Amino acid sequence: MGRVVVEVMPKPEILDPQGKAVVGALPRLGFTQFSGVRQGKRFELEVDGEVTPEVLEAARQAAGTLLSNPVIEDVVRVADASEESAGVSA
């Protein structure tokens, strides 16, 4: 089973009240390194079989049609989740 990750963010000109709340809370918790926060959405779409270029294109279409509001949001990333986990450490 494969998985596709879709990330959606508010457009830069759109106010982000959740991001503002988080950036206000960070210094109170001792995290003074951060001066801005934008909060977005992450979707994980499971597929039967491999993630092919055709599956990624279908995910891009779904992201633009259903997973995001194109008036206020940008789809910033559509990727095979297995490629993502190879370079991320927590």
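These legends go with a set of close-up views of a predicted model.

**View 1. The largest pocket and what lines it.** Here's the spot to start if you like empty space: the largest pocket comes out at about 160 Å³. Its lining takes in 13 residues, and the ones nearest the centre are P10, D16, Q18, Q39 and E73. Two elements, β1 (2-10) and α1 (17-28), each give two or more residues to that lining. The top contributor is β1, with 3 residues. Sorted by character, the lining splits into 7 nonpolar, 3 polar and 3 charged residues.

**View 2. D16, one of the residues nearest the pocket centre.** D16 belongs to that central group of lining residues, and its place in the chain is the loop between β1 and α1. Is D16 buried or exposed? D16 has a relative accessible area of 6%, which is under the 20% cut-off, so the residue counts as buried. Setting aside residues up to four places away in sequence, D16 touches P10, V37, R38 and Q39. P10 and Q39 also sit in the list of residues nearest the pocket centre. For a long-range check, try S82: D16 and S82 are 66 residues apart in sequence, with 30 Å between their C-alpha atoms.

**View 3. E13, in the loop between β1 and α1.** E13 lies in this loop, as does D16. With a relative accessible area of 60%, E13 is over the 50% cut-off and therefore exposed. Pair E13 with I72 and you get 59 residues of sequence separation but 8.4 Å in space, C-alpha to C-alpha.

**View 4. Helix α1 and the glycine that follows.** Following the chain onward brings up α1, a helix of 12 residues. From first C-alpha to last, α1 reaches 18 Å, close to the 16 Å expected at 1.5 Å a residue. Just past the end of α1, G30 adopts a positive phi of about 95°. Keep in mind that α1 also gives two or more residues to the pocket lining.

**View 5. The largest nonpolar core.** Which residues make up this core? There are 10 of them: V4, V6, V8, V47, V51, L56, A59, A63, L67 and V78. The elements giving two or more residues here are β1 and α2 (53-67). The largest share is that of α2, with 4 residues.

**View 6. L56 and its contacts.** L56 is one of the core residues, and this view zooms in on its surroundings. Not counting neighbours within four places in sequence, L56 is in contact with V4, V51, V78, A79 and D80. Of those partners, V4, V51 and V78 are also core members.

**View 7. E44 on strand β2.** E44 lies in β2, which covers residues 41-47. What is its exposure class? The relative accessibility of E44 is 42%, between the 20% and 50% cut-offs, so E44 is partly exposed. Beyond four places in sequence, E44 is in contact with R3, V4 and V5. The C-alpha atoms of E44 and R3 are separated by 6.4 Å, even though the two residues are 41 apart along the chain.

**View 8. E50, in the loop between β2 and α2.** E50 lies in this loop. A relative accessible area of 65% is over 50%, which means E50 is exposed. R3 turns up again here: E50 and R3 are 47 residues apart in sequence and 8.3 Å apart in space, C-alpha to C-alpha.

Note on methods. Residues numbered from 1 in each chain as written. Predicted model: local features only at pLDDT ≥ 70, side-chain atom pairs only at ≥ 80, totals over all residues. Heavy atoms only, no water. 1 Å grid on protein atoms, 1.4 Å probe; cavity = no way out; pocket = protein on both sides within 12 Å on 5 of 7 lines; lining within 4 Å. Points joined across faces, edges and corners; volume = space filled by probe spheres on them. Nonpolar A, V, L, I, M, F, W, Y, C, P; charged D, E, K, R; others polar. Expected span 1.5 Å × (residues − 1). Core = buried A, V, L, I, M, F, W, Y, C linked by side-chain atoms within 4.5 Å. Buried < 20%, exposed > 50% of the residue type's maximum accessible area, 1.4 Å probe, protein only. Contact = heavy atoms within 4.5 Å.
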